[in-house]
Amino acid sequence: MRIRIVDAFTDRPFAGNPAGVVLLDAFPADDRLQRIALEVNHAETAFAHRLPEGGDADWALRWFTPATEVALCGHATLATAHVLHTTGAHQGPVRFATRSGVLSATPAEDGSITLDFPTAPLTSIEIPDGLAEALGAEPLTAFDTGPDIGDLVVELADEKTVVGLAPDLRALGAASERGIIATARAQDPSGGYDFVSRCFFPNIGIDEDPVTGSAHTALAPYWSERLGGTVLTGLQASPRSGRVRTELRGGRTLLTGRAVTVLDGELLA
């Protein structure tokens with residue numbers, strides 16, 4: 001079983017968000033997939049196998065954190081599309097059958113890949129009790145992102161506040177089903193990005209995710225409404241950092257980024 005480690009939403013190694021990518025003939029038992037994901041020990045490991053021709057999708061795709069299977073993952077989808085394209089396993093646009101429906105990934109001549117994901121539905125909610133104390137900052141707003149994402153989007157006062165967060169992760173886990181997306185508008189819009197974010201997912205074994213594609217399906221509609229544009233760029237200000245170009249198309253959100261393969265190995269167990 002061949003395992004590749006791919007840094008997604010970056011154009012250089014050791015930045016962006018690393019994901020394991022495993023191409024299979026068929027999915028083995030779920031407990032084996034989970035053990036492999038734990039061994040790889042990145043935010044997500046993607047498992048994919050080719051589907052018969054003539055269907056709605058080309059490949060089946062699943063994502064596992066070290067602790068659990070998830071319904072949607074952007075960076076591991078980008079990583080998988082990158083592996084398919086760079087190895088010649090699939091040419092041109094690819095359609096993935098997933099728990100979140102059919103998702104497509106389209107490579108461009110400049111090396112970037114655009115994902116077509118469902119836009120997360122945002123519902124305004126009361127700021128949960130204890131969230132400010134857990135974050136170490138006072139949220140201005142809070143929005144639920146629906147069952148597929150399962151996070152809370154919270155806007156903070158400014159970019160400096162988001163970058164400086166040092167949350168109490170144990171307390172933060174009680175505030176949402178999956179995690180917290182903390183965001184603010186860019187301090188300087190001429191810097192090449194329109195908003196910043198950081199993502200904390202202690203409930204699924206990820207203290208802080210370096211760059212989260214799925215979070216941008218919620219951040220895109222959130223900031224499009226406030227900034228007045230459908231095409232925006234988000235900077236996820238984690239220590240590894242990465243940028244996601246977003247384009248809001250109603251019920252769909254396009255996420256564009258690059259990826260780099262940094263490791264190619266074989267599972268012997």
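The accessible surface of the protein chain adds up to about 11500 Å² in this predicted model, and carbon and sulfur atoms hold 49% of that area. Turning from the surface to what lies under it, buried residues make up 54% of the 269 residues in the chain. Charges come as 21 positive and 35 negative ones, and the mean positions of the two groups sit 5 Å apart.

As for overall dimensions, the C-alpha trace spans about 50 × 35 × 30 Å along its principal axes. The radius of gyration is 18 Å, which agrees with the value near 18 Å that a compact globule of 269 residues would have. The chain is built from 6 helices and 18 strands. Among contacts with a separation of 6 or more, 62% link residues that are 24 or more positions apart.

Next comes the nonpolar interior. The largest nonpolar core has 47 residues, and Trp 63 and Phe 96 are the ones with the most contacts inside it. Helix α2, which runs over residues 74-87, supplies the largest share of this core, with 6 residues. There is also a second, separate core of 20 residues, with Ala 134, Val 162, Ala 182 and Ala 186 among them.

Another helix worth a look is α6, at residues 216-227. This helix is mostly covered, with 9 of its 12 residues buried. The buried ones form a list that starts at His 216 and Thr 217, goes on through Ala 218, Leu 219, Ala 220, Pro 221 and Tyr 222, and ends with Trp 223 and Ser 224. After α6 comes Gly 228, a residue with a positive phi near 80°.

On the other side of α6, the loop between β14 and α6 holds Gly 213. This glycine counts as buried because its relative accessibility is 1%, and the cut-off for that label is under 20%. Leaving out neighbours within four places in sequence, Gly 213 is in contact with Phe 9, Gly 74, His 75 and Leu 255. Val 154 is another matter: Gly 213 and Val 154 are 59 residues apart along the chain, and their C-alpha atoms are separated by 17 Å.

Strand β14 itself, residues 206-209, is home to Asp 207. With a relative accessible area of 47%, Asp 207 is partly exposed. Beyond residues up to four places away in sequence, Asp 207 touches Leu 169, Cys 199, Phe 200 and Phe 201. Arg 170 lies 37 residues from Asp 207 along the chain, with 9.5 Å between the two C-alpha atoms.

Pro 107 belongs to a strand too, namely β7, which covers residues 101-107. A relative accessibility of 22% makes this proline partly exposed, since the buried label stops at values under 20%. Apart from residues up to four places away in sequence, Pro 107 touches His 85, Gly 92, Pro 93, Ser 112 and Ile 113. Of these, Gly 92 is 15 residues from Pro 107 in sequence, and the C-alpha to C-alpha distance between them is 6.4 Å.

His 49, found in strand β3, has a relative accessibility of 14% and therefore counts as buried. Setting aside residues up to four places away in sequence, His 49 touches Leu 24, Asp 25, Ala 26 and Phe 27, along with Trp 59 and Ala 60.

Finally, some backbone angles stand out. Most residues other than glycine have a negative phi. Phe 14 is not a glycine, yet its phi is positive, at about 65°. This phenylalanine sits in the loop between β1 (2-8) and β2 (17-24), and a relative accessible area of 69% makes Phe 14 exposed. Asn 41 is a similar case, not a glycine but with a positive phi of about 60°. Its place is in the loop that joins α1 (30-40) to β3 (44-50).

Definitions and conventions:
Residues numbered from 1 in each chain as written. Predicted model: local features only at pLDDT ≥ 70, side-chain atom pairs only at ≥ 80, totals over all residues. Heavy atoms only, no water. Helix = DSSP H or I, 4+ residues; strand = E, 2+ residues; numbered from the N terminus. Buried < 20%, exposed > 50% of the residue type's maximum accessible area, 1.4 Å probe, protein only. Contact = heavy atoms within 4.5 Å. Rg over C-alpha atoms; globule rule 2.2 N^0.38 Å. Areas by Shrake-Rupley, 256 points an atom, 1.4 Å probe, with all protein chains shown as cover. Lys, Arg positive; Asp, Glu negative; His and termini not counted. Charge placed at Lys NZ, Arg CZ, Asp CG, Glu CD. Core = buried A, V, L, I, M, F, W, Y, C linked by side-chain atoms within 4.5 Å.
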